[in-house]
Amino acid sequence: MNHKLLQPAIQDFIFEHSKNGIDITKLILAGSPFEGISAQELAQQIQAKYKTKTKLPEWNRIQGIYYPPTLNLEQTSSEATAHYKSQLITGSTLIDLTGGLGIDDYYLAKKVTQLTHCELNTTLSTIAQHNFTVLKATNITTHTGDGLAFLATVDSVDWIYIDPSRRHDQKGKVFFLEDCLPNVPEHLSSLYSKSKNILIKTSPLLDISAGIRSLTGVKEVHVVAVQNEVKELLWVLERGYTGNCTIHSANIRTADTSVFTHTLNDTTLVAPSYTLPAQYLYEPNAAILKGGGFAAIATQYQVQKLHPHSHLYTSDRQIDFPGRRFEVQQILPYQKKVWKKMKIGQANITTRNFPETVASIRKKWNIKEGGDTYLFYTTDCNDQRIVLICHKV
């Protein structure tokens, strides 16, 4: 951490040049105008601050924030997701075992009296401590070192928060909690000995069913998407909890947050009915597609499915549905003789329960991307491959 970057004149320079982006290569070639600061260090801070305009708007507005290398910044939560997870906790004390840059902790600290940020990486720990001071987050203390080792010295806390590493030395990207660092299932007993409540953040790549099998006391799983892109899974654990797990599929949008909730293993749930496409077609948002609940959404919104595995819904009347809504213009069989006659040169294409990819369809039928026409390649309740030509509602 180069403390010279925090001088007011240099912070002004970073602030001004990050407003609209900058040609980083040109800046590096020109060299740094400040003694003791390299052009690469300046470029890194400017580029990082520019990227936080949408990801961390509150931090972006404040001068004096020190930004870590790009990779560390890319792996952090956004302000939107950090704020969402802060709504899941209450209490007096929380320990974050894998603090990182501290984005989550800054927002979690607004909901507890005292928060401890643990981080093994000395540089990241120093940066986090500095930024907490700039942000006036006075109820956060930092500890440089292993979070699990620090937890062993504590009597008890209201919450433990942990974001296990999503990479393994040998396996690369991982899909199971057992392959993350630290291995949460392996340490779960010791975690529960220190707190009744545990909040875990994981990659959306993790399989929800496998995660529930690996853990005990899973009370809730939150699938968190931002603008229809799933960003993370949040696992709320409670010591001694043995009931059914509730899945909350949240899609954070600019104006609001849509949350669809369903319960796993709900024995009262009525199985969905299946039908051919009606006048309106519905595609659940990305959070719901990840969270499942395909029968629950049909029941709650009183719509029918096209096929058990297509995850597309339909109705004769238009409804307010948590996802994309379309009016069906035509229903065509996916047959060569039919599609040879079609003159669709541009369309948005989606495949659901269909053997071909979007790329192969575009190439085969020479369909460019974009326009106002939406094509859904899917399988209907009679196991026939069909194409729905739609317009967005």
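# A walk through the predicted model

In strand E17, threonine 378 is the bridge partner of arginine 352. That pair is our way into this structure, which is a predicted model. The two strands involved are worth a look together: E16 and E17, the latter covering residues 368–379, pair in the parallel sense over seven bridges. Lying on the sheet here is helix H15, residues 358–365, which touches both E16 and E17 and whose direction makes about 140 degrees with that of E16.

Now step back to take in the whole sheet. It is an open sheet of seven strands with mixed pairing, and its order reads E13-E14-E12-E15-E18-E17-E16. Which strands stand at the edges? They are E13 (304–305) and E16 (346–352); each has a single partner strand, so one side of each is left without a neighbour in the sheet. As general background, strands of a sheet pair through backbone hydrogen bonds, either parallel or antiparallel.

Two loops beside these elements deserve a pause. Asparagine 366 sits in the loop between H15 and E17, and its phi is positive, about 55 degrees, although it is not a glycine. With 61% relative accessibility, asparagine 366 counts as exposed. Glutamine 302 is found in the loop between helix H13 (294–301) and E13. Glutamine 302 also has a positive phi of about 55 degrees without being a glycine, and at 65% relative accessibility it counts as exposed. To see what makes such residues worth pointing out, it helps to know that most residues other than glycine have a negative phi, and most peptide bonds are trans.

The peptide bond half of that statement has its own example here. Leucine 181 and proline 182 are joined by a cis peptide bond, with omega at about -5 degrees. Proline 182 belongs to the loop between strand E6 (172–173) and helix H10 (184–192).

Let us move to another part of the chain, where strands E1, E2 and E3 come together with helices. Is E2 enclosed or open to the outside? Five of its six residues are buried, so E2 is largely enclosed by the rest of the structure. On one hand, strand E1 (residues 93–96) pairs with E2 in the parallel sense over four bridges, and threonine 93 stands opposite glutamine 114 in E2. Between these strands the chain crosses from E1 through H7 to E2, in a β-α-β crossover that is right-handed. On the other hand, E2 pairs with E3, again in the parallel sense, over five bridges. Here histidine 117 stands opposite threonine 142 in E3. Together, E2, H8 and E3 make a right-handed β-α-β unit.

Helix H8 deserves a closer visit. Spanning residues 122–134, H8 has 13 residues and reaches 19 Å from its first C-alpha to its last, close to the 18 Å expected at 1.5 Å a residue. What caps the N-terminal end of H8? Asparagine 121 does, with a side-chain oxygen 2.9 Å from the backbone nitrogen of threonine 123. Just after H8, lysine 136 takes a positive phi of about 60 degrees. Within the helix, the buried residues are Leu124, Ser125, Ile127, Ala128, His130, Asn131 and Phe132. What do the buried residues of H8 pack against? Their partners are helix H4 (57–60), helix H5 (70–74), helix H7 (103–108), strand E2 (114–119) and strand E3 (140–144).

To finish, here are two buried residues to find for yourself. Glutamine 45 lies in helix H3, which runs over residues 39–55. Glutamine 45 has a relative accessible area of 1%, which is under the 20% cut-off, so it is buried. Not counting residues up to four places away in sequence, glutamine 45 touches Leu5, Ile14, Ile65, Tyr66 and Tyr67.

The second is valine 218, placed in strand E8 (residues 218–226). Valine 218 is buried too, with a relative accessible area of 6%. Leaving aside neighbours within four places in sequence, valine 218 is in contact with Ile212, Trp235, Val236, Leu237, Tyr241 and Cys245. The last of these shows how the fold brings residues together: valine 218 and cysteine 245 are 27 residues apart in sequence and 6.2 Å apart in space, C-alpha to C-alpha.

Key. Residues are numbered from 1 along each chain as its sequence is written. This is a predicted model: local features need pLDDT of at least 70, side-chain atom pairs count only at pLDDT 80 or more; totals for chains, interfaces and linings use all residues. Side-chain values use heavy atoms; hydrogens and water are left out. The expected span of a helix is 1.5 Å times one less than its number of residues. Buried means under 20% relative accessible area, exposed over 50%, partly exposed in between (1.4 Å probe, protein chains only). Contact means heavy atoms within 4.5 Å. A polar contact is a pair of N or O atoms within 3.5 Å; within protein, one must be able to donate a hydrogen and the other to accept it, and residues adjacent in sequence count only if both atoms are side-chain atoms. Two strands pair if DSSP finds at least two bridges between them. Axes are lines fitted to C-alpha atoms, for helices over the stretch in contact, and angles run from 0 to 180 degrees between N-to-C directions. A crossover is right-handed if, with the strands pointing away from the viewer, the path from the first strand over the helix to the second runs clockwise.
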